[in-house]
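Colleague: I am new to this structure. Please take me through one part of it, the place where the chains meet.

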Amino acid sequence: MRSKFQAWARAFARQAEADWNIYQQLESETPSKPICHRLLFLQMSCEKLVKSHLALGGMDPESNKFRVHTWIKRRLGEILKNCVVIPSGSHQLQRSVMKNFKHLAQEIERLNPAADDNKQRPENCEYPWSSGDQIILPLEHAFSAVDLLDKQHGLLFKKALKKAIDDQVRTTTTE
Amino acid sequence: MTDKEKQAVELAHRHYVLEEGLEAIYQLVPTAIGLEGAKTIGLLEVNKDTIPSGVVPLFFGPTKTYPFPTLIIEMTPDEFAQMKSGDELVRLPPEWKLGDVIEKPAHAK
């Protein structure tokens, strides 16, 4: 059973890596690609990284529990915490970083249409939604995750995420 | 100053204000083989409050405020010293070379 989960963990890690590479490709392109498409690949990369860890931890990837789309908020912060050991960092700095990371994880999870907080937050990267009489397109929406990535510790978040993906690909390939 | 150079300085100043641990920000200049980089702003940030992880180029896509895509490489001061001393483990991608420092603005000191 363990080797089966290991294989799933490796598969999710490699897919997270591929999604990350597309995300970075889209971010680098000019003329620019729509923000919703760029964020979609970031969200998918995060979700697969988290699921790789869940599988490696022994959760059955074919279970209903595994398939839900709301694991990022619950687990991404923990995963990144292990990648963010700032040699010179005070406890206060580390706590501030983790607070920002958790906030970002929450906003990234909300990019998925299945994570709408019981329809309280319908904005997502894939499907149009309604707000009053208006129909809003992801193409035209200003996502708060973009602002957060541009604020304090946003760069560190992306760096830690990339490191976490690389580490997980390495771990699941060599174990 | 071109629009791209203005954005590079604006971004660097903003980052100096946001990140207390930033010791220096350098421009990255595209090399002859980095023609694609001509459309991209490159910054190397030396930050004591970051994780040592070698050279990890990260792209930030264009936004309404900042229309040029940005590539940022962030390093610890130790990694930067290693790079300057020619350590092969901390080497810039061949498409980029180190440019001038962007000074920290007075309001960020």
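Modeller: Here is a close look at the interface, followed by the chain behind it and some salt bridges elsewhere.

Keep in mind that this is a predicted model. Start with the contacts. On one side, 28 residues of chain A take part, and they touch 25 residues of chain B. Next comes the area. The size of an interface is often given as the accessible area lost when the parts come together. Between chain A and chain B, about 2,300 Å² is buried. Carbon and sulfur atoms give 61% of that area. Within chain A, three residues lose the most area to chain B: A:D150, A:L155 and A:K159. Together they make up 30% of what that side buries.

Two of these names return in the salt bridges. The rule finds two salt bridges across the interface of chain A and chain B. One pairs A:K159 with B:E74. Their side chains meet at 3.4 Å, N to O. The other pairs A:D150 with B:R14, and here the closest N and O atoms are 3.1 Å apart. A:D150 sits in the loop between α6 and α7 of chain A, while B:R14 belongs to helix α1 (residues 3–18) of chain B, so this pair joins two chains. How open are these two residues? A:D150 has a relative accessible area of 24%, so it counts as partly exposed. B:R14, at 25%, is also partly exposed.

Polar contacts add to the picture. Nine residue pairs are in polar contact between chain A and chain B, counting pairs with both residues at pLDDT 80 or more. Which elements of chain A face chain B? Those that give two or more residues to this side are α1 (2–28), α6 (144–149) and α7 (154–174) of chain A. α7(A) gives the most, with seven residues. By type, the residues on this side of chain A divide into 12 nonpolar, seven polar and nine charged.

Now step back to chain A as a whole. Chain A has seven helices and two strands. Along the sequence the order is α-α-α-α-α-β-β-α-α. The C-alpha trace of chain A spans about 50 × 40 × 35 Å along its principal axes. Its radius of gyration is 17 Å. A compact globule of 175 residues would come near 16 Å, so chain A agrees with that expectation. Of the 175 residues in chain A, 46% count as buried. Take the contacts in chain A with a separation of 6 or more: 65% of them link residues 24 or more positions apart.

Last, look at salt bridges away from the interface. Over all chains, the search finds 18 salt bridges. Within chain A, A:R121 and A:E123 meet through their side chains at 2.8 Å, N to O. A:R121 is partly exposed, with a relative accessible area of 21%. A:E123 has 18%, which is under the 20% cut-off, so A:E123 counts as buried. Both residues belong to a network of salt bridges that also links A:E107 and A:R110. Chain B has a salt bridge between B:R91 and B:E88, with the closest N and O atoms 3.4 Å apart. B:R91 is exposed at 53% relative accessibility. B:E88 is exposed too, with a relative accessible area of 61%.

Definitions and conventions
Residues numbered from 1 in each chain as written. Chains lettered and ligands numbered in written order. Predicted model: local features only at pLDDT ≥ 70, side-chain atom pairs only at ≥ 80, totals over all residues. Heavy atoms only, no water. Contact = heavy atoms within 4.5 Å. Buried area = accessible area lost by both parts, 1.4 Å probe. Salt bridge = Lys/Arg side-chain N within 4 Å of Asp/Glu carboxyl O. Polar contact = N/O pair within 3.5 Å; in protein donor to acceptor, adjacent residues only side chain to side chain. Helix = DSSP H or I, 4+ residues; strand = E, 2+ residues; numbered from the N terminus. Nonpolar A, V, L, I, M, F, W, Y, C, P; charged D, E, K, R; others polar. Rg over C-alpha atoms; globule rule 2.2 N^0.38 Å. Buried < 20%, exposed > 50% of the residue type's maximum accessible area, 1.4 Å probe, protein only.
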